[in-house]
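Visitor: Could you walk me through the charged pairs in this protein? I'm new to this, so keep it simple.

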Amino acid sequence: MGDTYWRPLLKVAKYVRSQGKDVEFIAFRSKHRERAWERRLRNHGATLASWDPYRQQRNEFLAFLATFDCLVTARYHGAVFASLLGIPVVCVGVDHKLEMVSADLGQGARLWRMPFRYDECIMALGDIENRYGDSVNAVKQAAVQQRRLGEDLLNEFSIYMSRLR
């Protein structure tokens, strides 16, 4: 799926840089696929950071992510990290999970859908920038709501399990 959006994403990055903003790509390392992505991005002159959960501490990585104003992600956990940190996010609609998390985050997220036209991603980023305070508040509120739903689910599960004993 990455083959369908990497070129438009590089075009988005070039445009964002032309507006005087910093752009950094972050690879959430997993076995072999990410290394190919990393190579491809470096070959196109992209600034790249990577997180290898087997070698780096989670808190260190989260502190690094917290420095960003907005994230564009094609990974579900990238959107979850953004929401936990109160960072608006553009979800690359490569799978249903990203569509769901984008909907759950309300105005704190935007969904960039296939065929991944770069101008649509730029519009999503511009919308977040123009409504930044509202986007941050929305993602923070959504994270609190999702946390409550998770706690409720855990409580219900605990009650269910106690009845089985």
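Guide: Sure, let's start with one residue: Arg-110 has a relative accessibility of 10%, so it counts as buried (under 20% relative accessible area; over 50% is exposed, and in between is partly exposed, using a 1.4 Å probe and protein chains only). Keep in mind that this is a predicted model, where local features need pLDDT of at least 70, side-chain atom pairs count only at pLDDT 80 or more, and totals for chains, interfaces and linings use all residues. Residues are numbered from 1 along each chain as its sequence is written, and side-chain values use heavy atoms, leaving out hydrogens and water.

Visitor: Which residue forms a salt bridge with Arg-110?

Guide: Side chains of opposite charge can pair when their charged atoms come close. A salt bridge here means a side-chain nitrogen of Lys or Arg within 4 Å of a carboxyl oxygen of Asp or Glu. For Arg-110, the closest N and O atoms are 2.7 Å apart, and the partner is Asp-127.

Visitor: How many residues apart are Arg-110 and Asp-127?

Guide: This pair links distant parts of the chain. Arg-110 sits in strand E5 (residues 109-112) and Asp-127 in helix H6 (residues 118-130), so they are 17 residues apart (helices, H or I, are DSSP runs of at least four residues, and strands, E, of at least two, numbered from the N terminus).

Visitor: Is Asp-127 buried or partly exposed?

Guide: Its relative accessible area is 23%. That makes Asp-127 partly exposed.

Visitor: How many salt bridges are there?

Guide: Another one joins Asp-119 and Arg-117, with the closest N and O atoms 2.6 Å apart. Searching the whole structure gives a total of five.
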